[in-house]
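Reader: I'd like a close look at one part of this fold, the open sheet, and then a quick tour of what lies around it. Could you walk me through it?

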Amino acid sequence: MTARWKDCEAPSLDDIAAMAEAARAALPEAFRGPAAAVVLRIEDFAADKLLDELEIEDAFELTGLYDGIPMTQKSVMDPGGPDVIWLFRRAILDEWAARGDVALDALVAHVFVHELAHHFGWSDGDIAAIDRWWE
């Protein structure tokens with residue numbers, strides 16, 4: 001049985017990006033346009049500076065982050081630059097392994113959609129009120 005795993009590799013940054021892009025493509029039509037304007041970035045972990053700003057001690061606790069100005073708060077006076085959704089591969093893989101009850105592509109899609117909801121102006125509380133995924 002060990003030989004079966006010998007040639008296996010963990011999903012790469014590109015694999016996680018492809019899963020997130022598939023989730024973006026599967027969005028209902030009304031959300032696809034605004035979602036297309038958000039840049040997707042995949043890293044193994046959040047940068048130490050970001051973790052410090054968020055007061056997060058363990059990088060495995062942050063699977064994704066929306067960095068931008070929600071559509072409900074945007075103004076023509078806002079500085080330029082695209083909104084970004086960050087997905088953190090190692091934290092996602094750790095969550096997936098710990099859960100053991102969900103497909104990896106479903107977890108990536110869920111994290112991506114959660115962060116995208118922030119782009120549409122939803123707070124964590126708003127999302128939690130209708131999304132029981134993490135319970």
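Author: Here is the sheet, followed by the pocket and two loop residues.

Keep in mind that this is a predicted model. The sheet is an open one with 3 strands, in the order E1-E3-E2, and its pairing is mixed. Strand E1 (39-43) and E2 sit at the edges with a single partner strand each, so one side of each has no neighbour in the sheet. On average, neighbouring strands here are turned by 20° against each other, if you ignore direction.

Now zoom in on the pairing of E1 with strand E3, which covers residues 84-88. These two run parallel and are joined by 5 bridges. If you want a spot to click on, try isoleucine 42, whose bridge partner in E3 is leucine 87. As background, strands of a sheet pair through backbone hydrogen bonds, and they can do that either parallel or antiparallel.

Something also lies across those two strands: helix H2 (residues 13-25) crosses E1 and E3, running at about 150° to E1.

Over to E2, which brings us to a pocket. The second largest pocket holds about 210 Å³ of space. Its lining is made up of 13 residues, and Leu62, Thr63, Gly64, His114 and Glu115 are the ones nearest its centre. Two elements give two or more residues to that lining, namely strand E2 (64-67) and helix H6 (104-119). H6 gives the most, with 4 residues. Sorted by class, the lining comes out as 5 nonpolar, 4 polar and 4 charged residues.

Next, the loop that leads into E2. Glutamate 55 is found there, between helix H4 (48-53) and E2. The backbone does something worth a look at this point: glutamate 55 has a positive phi of about 55°, although it is not a glycine. Glutamate 55 counts as exposed because its relative accessibility is 73%, and the cut-off for that label is over 50%.

H6 has a loop ahead of it too. Aspartate 101 is placed in the loop between helix H5 (89-99) and H6. With a relative accessible area of 58%, aspartate 101 is exposed as well. For a sense of distance, compare aspartate 101 with glycine 125: they are 24 residues apart along the chain, and their C-alpha atoms are separated by 24 Å.

So, back at the sheet, the picture to keep is E1-E3-E2 in order, with H2 lying across E1 and E3 and E2 helping to line the second largest pocket along with H6.

Terms used
Residues are numbered from 1 along each chain as its sequence is written. This is a predicted model: local features need pLDDT of at least 70, side-chain atom pairs count only at pLDDT 80 or more; totals for chains, interfaces and linings use all residues. Side-chain values use heavy atoms; hydrogens and water are left out. On a 1 Å grid over the protein atoms alone, a cavity is a set of points where a 1.4 Å probe fits but cannot get out, and a pocket is an open set with protein on both sides within 12 Å along at least five of seven lines; lining residues have an atom within 4 Å of a point. Grid points are joined across faces, edges and corners, and a volume is the space filled by probe spheres set on the points. Ala, Val, Leu, Ile, Met, Phe, Trp, Tyr, Cys and Pro count as nonpolar, Asp, Glu, Lys and Arg as charged, and the others, Gly among them, as polar. Buried means under 20% relative accessible area, exposed over 50%, partly exposed in between (1.4 Å probe, protein chains only). Two strands pair if DSSP finds at least two bridges between them. Axes are lines fitted to C-alpha atoms, for helices over the stretch in contact, and angles run from 0 to 180 degrees between N-to-C directions. Contact means heavy atoms within 4.5 Å.
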